[in-house]
Amino acid sequence: MNVNVEEKLFQNRYKVDHGRPHIQIKNPAVCSNDCQSQACTFVCPASCYKAEGNRTVTLITDGCLECGSCRVICTEHANVAWEYPRGGYGILFKFG
Amino acid sequence: MAKEHFDAIVVGAGPSGNAATYTLAKAGLKVLQIERGEYPGSKNVQGAILYANALEKIIPDFRDDAPLERHIIEQRMWMLDDTSFVGTHYRSDDYNKPPYNRYTIIRAQFDKWFSSKVREAGALLICETTVEELLMDGQRCIGVRCDRMGGEVYADVVVLADGVNSTLARKAGFHGEIEARNVALAVKEILFMPEEVIQARFNIGEDSGVVIEMMGSVTEGMVGTGFLYTNKDSLTIGVGCMLSDFKANPKRTTPYALLEKLKAHPSIAPLIEGGEMKEYAAHLIPEGGFHAVPQIYGEGWMIVGDSGGFVNAAHREGSNLAMTTGRLAAETVIAAKAAGQPLTAKTLAAYKAALDQSFVMKDLKKYRDLPEVLHTSPQFFTTYPALLNRAAQTLFTVDGVDKKTKEREILGSFKSARRLGGLMSDAFKIWRAVR
């Protein structure tokens, strides 16, 4: 099933901390060379991680729901640097 | 800035943090509560069901002004295959008489309300502030460092109510990273529709509500469940599976595709039709149970709520465990202070002892082997729901075949799917895991 997650994220309220992503891929080469599954690209519920054609993985955290799944599933390589956003920034749930 | 010192600092303004802060402040202690969201609730996600009992023990008259959606009078449990479901419904008019036992809530509103009570009780709340790390003096936690206010605040005890992703406890070395097999990833949407439509569709009155829990083909063999709750003028629908199963799913199904599949199920679609989606949320739920609960107290620190893994996955209970752990942690601090004792690991061990005596640890202990059984027995989420649905269809389809033959066919389908030994062993495994 093809689902457009951007449409879902569009309903959410965010205060984006421009230029200061709270999650980062520590070493992009690990994603390209060492990680077979690239599970973050399909497990992330906000689709922040994208598998590019050349086996690289890109990360854009603007739609992040702050669940922490990407950090927890990256156990083999521990290649996700995960912090909470600065106070007040990130997702702002209206209902939760 | 002068070093400000508090009796206690509570990190987080969810149910466990609010319960702890409220109880501490009510007893006259000087408490600082730090919340990273714009307001309490803006970072919090839950199904959401509120179990009255746990909150009653903290705020007996909460019903007077808490934002409650509907009290639950009916619980449905559905086993789904691709086109049908076999289910049980329990509905009782006894649940229609106050004081009600449980309610649906909207967490952002509920947490805001709970927080207003916390502040009335005298605690100091600071929002939009992320705690970056615990301040340690050797083994002893002496305060926290925030991302603002010029930094450091000190207290006799720090209560970690910072949720499932407790980066603070991990950074301080209290426990390791959570494991993917110990957490469920759940996604959900809130769908708005007129009250009258909800009442007609679910056969309920103005304030009463229905809960549907679902398992079966909707999770594609992953250990997990779906849920549908009625709020006042909205429905919440969601699905959650063990994170390790999402990672291992050969179909590489995304959580949002799974949710769409659930919404499109022919038994669900008519219930949610016309609903206007207003928010999409995701959250990890600590479902590892008894064996996954970390060390929850030490020299000047305590862990409560999701941060300590306090969720009873078998019964879909969480916020009541959160509030109870928050309250018991606070009561431990209050008792130690009253007795003039320092807040050391030795004194704070009373918190664990109180938890062991409460339903929290008793229930977690009762179901301690269930996560392992479910991990190793995907047939409970695949084979059995499918078999039950086929059995029901065989039995209820009137086609000239006699009933005895149908019964034989049904029994045969169970035996060929699992064999008699498999059926017996599955029944035994489940019995042992929940006895």
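A charge counts as sitting over a ring if NZ of Lys or CZ of Arg is within 6 Å of the ring centre and within 35 degrees of the ring normal. In this predicted model, Lys15(A) fits that bill: it lies over the face of Tyr89(A), at 4.7 Å from the ring centre. Here's a quick tour of the charges, the rings and the contact between the chains.

**Charges over rings**
- Besides Lys15(A) over Tyr89(A), there's Arg435(B), which lies over the face of Trp431(B) at 5.4 Å from the ring centre.

**Aromatic pairs**
- Counting over all chains, you get 13 aromatic pairs.
- One of them joins Phe62(B) and Tyr103(B) edge-to-face, with 6.3 Å centre to centre and 90 degrees between the planes.
- That pair ties together distant parts of the chain, 41 residues apart: Phe62(B) is in the loop between helix H2 (52-56) and strand S4 (70-80) of chain B, while Tyr103(B) belongs to strand S6 (residues 102-104) of chain B.
- Phe62(B) counts as buried because its relative accessibility is 0%, and Tyr103(B) is buried too, at 4%.
- Tyr100(B) joins Phe62(B) and Tyr103(B) in one aromatic cluster.

**Where chain A meets chain B**
- Chain A puts 43 residues into the contact and chain B puts in 54 residues.
- Together the two chains bury about 4,000 Å², with 55% of it on carbon and sulfur atoms.
- Nine salt bridges cross this interface, and Lys43(B) pairs with Glu66(A) in a salt bridge at 2.9 Å, N to O.
- There are also 32 residue pairs in polar contact across the interface, counting pairs with both residues at pLDDT 80 or more.
- On the side of chain A that touches chain B, the largest share, four residues, comes from H4(A).

Terms used
Residues numbered from 1 in each chain as written. Chains lettered and ligands numbered in written order. Predicted model: local features only at pLDDT ≥ 70, side-chain atom pairs only at ≥ 80, totals over all residues. Heavy atoms only, no water. Phe/Tyr/Trp six-rings, centres within 6.5 Å; stacked < 30°, edge-to-face > 60°. Helix = DSSP H or I, 4+ residues; strand = E, 2+ residues; numbered from the N terminus. Buried < 20%, exposed > 50% of the residue type's maximum accessible area, 1.4 Å probe, protein only. Contact = heavy atoms within 4.5 Å. Buried area = accessible area lost by both parts, 1.4 Å probe. Salt bridge = Lys/Arg side-chain N within 4 Å of Asp/Glu carboxyl O. Polar contact = N/O pair within 3.5 Å; in protein donor to acceptor, adjacent residues only side chain to side chain.
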